[in-house]
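The exercises below invite a careful reading of one structure, each with a solution worked out in steps. Please look at the sequence and the structure before turning to the solutions.

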Amino acid sequence: MFDLDKWGEIIGTMRKNLMRTILTAMTVAWGIFLLVILVAAGNGLQNGIQYNFRDDAINSLWVYPGKAALPHRGMPVGRRIQFTNDDYELIRRTIEQVEHITSRFYLSGNFTISYKNEASSFEVRACHPDHVYLENTIMVRGRFVNDIDIDENRKVTAIGTQVVQMLFKGADPIGEWINVNGIMYKVVGVFRDEGGPGEERKIYIPISTAQQAYGGGNRVNQIMLTIGDTGLEESEEIAQSIRELLAERHNFAPNDQRAVFVRNNLVQMQNFAAIVDTVKIFLSVMAIMTIIAGVIGVSNIMLITVKERTREFGVRKALGATPGSIVAMILQESVVLTALSGYIGLVLGVFVIELANTYLPPHDYFRTPTVDVSLGLIATVIVIVAGALAGLWPAVRAARIKPVLALRDE
């Protein structure tokens with residue numbers, strides 16, 4: 001394998017047919033390059049989907065009220081459904097699989113929030129203590145809203161890190177009081193959020209306090225819950241059970257999808273994952289077909305090489321060359337060609353991916369395209385093996401050539 005004379009012959013043969021060698025090598029390199037790029041693109045799509053779900057618990061159901069779209073028991077179509085605290089309690093007590101549950105009372109618009117001489121507008125969210133699990137909120141100091149805050153209608157708040165930076169300028173906010181549209185709230189905690197800086201420009205207050213202070217009565221606008229390690233099929237059954245509970249309570253048809261909408265994050269994640277898997281399979285098949293085309297090209301060029309060098313092989317055999325040595329020489333040419341071109345395709349693919357990660361702006365549905373280098377190496381090894389197999393038949397044909405017939409070949 002490391003005979004310098006043989007390597008010289010291989011390089012000389014490639015240089016003699018330089019254009020043909022380059023075109024064949026480009027086909028193989030392009031196949032490996034496409035494989036790396038397309039697999040990375042599929043991973044980028046998958047990362048984008050996961051990024052979009054980073055801010056919410058995957059095993060969660062989000063229940064929204066709507067308008068009745070079907071007639072039921074004489075009730076008018078178009079009637080708006082209004083959730084209350086009793087709906088929250090009904091779901092919490094009735095659905096056995098509930099792990100964490102919260103409701104929200106919407107406070108419209110951004111509120112002006114001030115601390116001493118600093119003021120800015122931030123979103124205020126009113127919720128229950130379990131909200132911290134639904135939104136993947138991470139407490140970095142202090143605590144979140146708790147049950148005692150809810151029971152006693154306390155004026156306390158957990159604020160995002162962006163709020164701390166803008167209002168407190170590096171000072172410790174725990175125990176301080178902030179003014180929220182004329183009402184003072186005591187800061188009991190600071191949080192960060194996987195959703196990024198936008199989610200950290202929020203403050204959380206007890207839902208009972210918000211209902212009392214801002215004229216909400218017992219109304220809630222949304223109910224959210226997690227259901228543990230429940231599977232996809234069972235989660236759909238739970239969603240239907242919630243709709244039936246609310247249908248009985250609010251007197252609308254249980255099959256009325258517009259009266260109450262239940263967003264099942266498990267289903268959404270599954271749907272997105274199925275789409276991404278389909279795209280990844282399609283992209284991989286395209287790349288593999290390109291690689292196969294390259295390997296076929298190597299086989300063809302080996303056949304042409306054998307045909308062109310028939311007299312040479314005859315002379316070699318007449319001078320004592322064994323069939324095995326001729327087979328080895330042709331296989332070496334095939335392996336060298338595929339190995340070199342495959343490696344070039346791998347390097348170029350990784351280089352382009354690194355450029356994309358460095359210079360492409362982040363996108364919600366396509367983030368951080370990556371590829372496991374081992375995958376590219378495995379693909380390259382497979383191409384090398386395929387190249388050897390592609391050159392095997394031409395090599396066997398060359399080894400079978402009879403010296404007399406070869407020397408008479410024109």
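**Exercise 1.** In this predicted model, find how many residues the largest nonpolar core has, and which have the most contacts inside it.

*Solution.* Begin with the count, which is 54 residues for the largest nonpolar core. Then look for the residues with the most contacts inside this core, which are Val63, Ile113, Ile159, Ile178, Ile203, Leu225 and Ile242. As a last step, set beside it a second, separate core of 18 residues, whose members include Val36, Ala40, Ile291 and Val383.

**Exercise 2.** Determine which residues Ile178 touches, leaving out those up to four places away in sequence.

*Solution.* Taking the partners in sequence order, we meet Ile113, Ser114 and Tyr115, and then Thr157, Ile159 and Phe168. Continuing past Ile178 itself, the list is completed by Ile183, Met184, Tyr185, Val187 and Ile203.

**Exercise 3.** Decide whether helix H6 is mostly covered or mostly open, and say which of its residues are buried.

*Solution.* Helix H6 spans residues 161-168, and six of its eight residues are buried, so that, with buried meaning under 20% relative accessible area, the helix counts as mostly covered. The buried residues are Thr161, Gln162, Val163, Val164, Leu167 and Phe168. Just after H6 comes Lys169, which takes a positive phi of about 50 degrees.

**Exercise 4.** Work out how strand S10 pairs with strands S5 and S7.

*Solution.* Strand S10 covers residues 202-206, and five of its five residues are buried. With S5 (residues 118-127) it runs parallel, joined by five bridges, and here Glu123 stands opposite Lys202. With S7 (residues 156-160) the pairing is antiparallel, over two bridges, and Ala158 has Tyr204 as its bridge partner.

Terms used. Residues numbered from 1 in each chain as written. Predicted model: local features only at pLDDT ≥ 70, side-chain atom pairs only at ≥ 80, totals over all residues. Heavy atoms only, no water. Core = buried A, V, L, I, M, F, W, Y, C linked by side-chain atoms within 4.5 Å. Buried < 20%, exposed > 50% of the residue type's maximum accessible area, 1.4 Å probe, protein only. Contact = heavy atoms within 4.5 Å. Helix = DSSP H or I, 4+ residues; strand = E, 2+ residues; numbered from the N terminus. Pairing = 2+ DSSP bridges.
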